[in-house]
Amino acid sequence: EPIPPVLELVGVRAAYGPIQVLHGVDLTVHPGQVVALLGPNGGGKTTTVKVAAGLLPMAGGELRYAGQKVNGISAETAAGMGVCLIPEGRGVFANLTVRENLWLATGTGASREQIEERAYFRFPILQDRRNQLAGSMSGGEQQMLALSRALATDPAVLLLDELSMGLAPMIVSQMYDTVAQLVEEGISVLVAEQFARTVLPIADLAAVMLHGRIAAVGTPAEIDADLSTTYLGG
Ligand code: ATP
């Protein structure tokens, strides 16, 4: 039997009050893939990843995890099923220390010590910063903290919204090295990014969102060519 996609959106619709913003989104992430969700501000990328993580209700269509229909799932249940979102702005608690932020992930069964140990093994800098307030760290360090918290839940699929936002190019490149490493470890990734150039090199598949619809899907090379001619005006 073929292995089902880890994550699948079929004809997904979503609205904020009376305003519909997703008009039938089809998106598939196969095991071990990095899928890039690209497109300009307001196209619906954030809404799409929120729906996928159970953070926003759907107004139509179907959401599937590992081939199983999960419409109406809560974010907690989604996380329990291995689907975890790192939101735009990273979602770390600025007024808590690095350790306190990490401890918030204990709901998943691991002990505080285990979560800290895993985080510091992957990102040694976090150990030096462990008693520092998260809000006083650099954007890259905060992103490492956000990733460490997400990884404590042993996700099958990571949803990353604007991973590169506000980060220096060298840090962005380090973060994408980390993403490539996570894929090696068996995690699948859907990453929403406004700036295609940062994510295309590690993507297996790319989709462009415009006005709440998938306007194009293809290999990174195809989409790169499309983006420079059609969507971003060269
Ligand atoms: P960005 O990168 O700026 O977040 P995006 O592609 O992720 O852009 P969304 O944030 O999903 O796009 O927004 C899609 C549309 O939904 C936009 O027109 C936006 O104004 C609208 N929208 C987003 N959040 C809300 C909200 N809470 N209430 C009403 N409308 C919203």
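Trainee: Why is aspartate 154 called exposed?

Mentor: Aspartate 154 has a relative accessible area of 52%. Exposed means over 50%, buried under 20%, and partly exposed in between (1.4 Å probe, protein chains only), so aspartate 154 counts as exposed. The model is predicted: local features need pLDDT of at least 70, side-chain atom pairs count only at pLDDT 80 or more, and totals for chains, interfaces and linings use all residues. Residues are numbered from 1 along each chain as its sequence is written, and side-chain values use heavy atoms, with hydrogens and water left out.

Trainee: What makes arginine 118 and aspartate 154 a salt bridge?

Mentor: Their side chains meet at 3.0 Å, N to O. A salt bridge requires a side-chain nitrogen of Lys or Arg within 4 Å of a carboxyl oxygen of Asp or Glu, so the pair qualifies. Arginine 118 lies in helix H4 (residues 112–122) and aspartate 154 in the loop between helix H6 (139–151) and strand S7 (157–161), so the bridge ties together parts 36 residues apart in sequence. Helices (H or I, at least four residues) and strands (E, at least two) are DSSP runs, numbered from the N terminus.

Trainee: Why does arginine 118 count as partly exposed?

Mentor: Its relative accessibility is 43%, which lies between the two limits, so arginine 118 is partly exposed.

Trainee: Why is helix H1 described as largely enclosed by the rest of the structure?

Mentor: Six of the eight residues of H1 (residues 45–52) are buried, so the description follows. Among the buried residues are Lys45, Thr47 and Val49.
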